[in-house]
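Colleague: Could you take a close look at one part of this model for me, namely the loop residues with unusual backbone angles, and then set the cysteines beside them?

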Amino acid sequence: MKIIRDIDTKRLAVKLKPSAEKMVKRGHPWIFEDSIIKQNIDGEPGDLVIIYDHKKNNFIACGLYDPFSPIRIKLIQFGKSAQINEEWFVSKIKEAYHIRKPLLETDTNSYRLLFGENDHMPGFIADVYDNVLVIKLYSHIWFPYLNWMVTHLIAITSCTVVVLRLSRLLQSKGEVYGVSDGKVVYGTLENEVVIFREHGVLFSANVIKGHKTGYFLDHRHNRKRVGELAHMKTVLDVFSYAGGFSVHALHGGAKEVISLDISKHALQMATENAELNNFKGKHTIMVADAFEGLQDLINKGLQFDIVVIDPPSFAKRESEIAKAKKGYSRLAKLGAQLVSPNGILVLASCSSRVIADEFFMISEESILETGRSFEILEKTYHDIDHPITFPEGAYLKCGYYRVQ
């Protein structure tokens, strides 16, 4: 299949600083520009880079060259040399699909097939929504291999439509190799809003204009869990976005659900997603800044059986970590005040720079500071289609607290 014209690549040989070499030998997938001490020729996007060790000149890893990123080499193969050809890519796609098979045996037809570095495909995301495959590229390194990848992803998923999404960095370069963000590169897309199932609950994803690839699949397990807990309960879903937790709660038999978000457009999507499903409970939307909205509900003396607080990433840069921690503390304190006696507070974070242990400690200390005690019901991390193979790849964590 020809999505773009063929792009020739070459092979580079590289040696690294000893500290970087150690990290590579441990399986870390990133090599930064300042870690390279010897390189035989200049590289172009997607060129294959062979990393040799200092002492014996042995192969230790290989990766793809990215001249547009401070992460200059994204590694794809470690320890044992291999022919990086079409068969290699096919084998990695099959390995990734095998990991997801248990999920596909449930009433679910939406999943992440390729999760970047964690599936040996750094900067390459492939999500499936029913019969639509959405590929999102975060690096130029994938253009030389795109024709192969699309062909074999279609073969293993049986998708009839493929949409290509490009990161802001790639979009900033204008049209690249004749493709642009949101381009349908295979099949015919009848509607840019695709309806899909998640554990028997219906949702929609705008695969052309939506965030990321159209939806956030990583919280699937937690949404299902909240749905299981919500029968005959009142639920507050904060930072609700398109209503993932809200819709599962309604599907699970919640009496009343309030979806709170600062975006009217997101809450419209939440309303539409709820209406895709049969439910008897009352669904209300609340357009407000989360912090102000929570305080307003406290001032009104309201409480809920379940409060879910799932903010966007608070720390996209190192400089934002301290502020992020304060934000998580404030949210935990506000949320704790809104939970009915023996109700459940669900606190989540998707900031990889705030590690799980720190997030849970902040959450728990903040609940106690409100004068309320709690029981830890469970702590969850990534769903099965978001495997983690290196520390920086871990970002999602979620705590369930029964507040006394």
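Modeller: What follows goes through the two loop residues and then turns to the cysteines.

This is a predicted model, in which local features need pLDDT of at least 70 and side-chain atom pairs count only at pLDDT 80 or more, while totals for chains, interfaces and linings use all residues. Residues are numbered from 1 along each chain as its sequence is written, and side-chain values use heavy atoms, with hydrogens and water left out.

Asp130 lies in the loop between strand S8 (124-129) and strand S9 (132-137), where helices (H or I, at least four residues) and strands (E, at least two) are DSSP runs numbered from the N terminus. Although Asp130 is not a glycine, its phi is positive, at about 55°. With a relative accessible area of 38%, Asp130 is partly exposed, on a scale where buried means under 20% relative accessible area, exposed over 50% and partly exposed in between (1.4 Å probe, protein chains only).

Ser158, likewise not a glycine, has a positive phi near 60°, and it is found in the loop between helix H3 (146-157) and strand S10 (161-166). Ser158 counts as exposed because its relative accessible area is 57%.

As for the cysteines, a search of the whole structure finds 0 disulfides, a disulfide being a pair of cysteine sulfur atoms within 2.5 Å. For Cys398, the closest cysteine sulfur is that of Cys350, and because the separation is 11 Å it is too far for a bond. Cys398 is buried, at 0% relative accessibility, and Cys62 is buried as well, at 1%.
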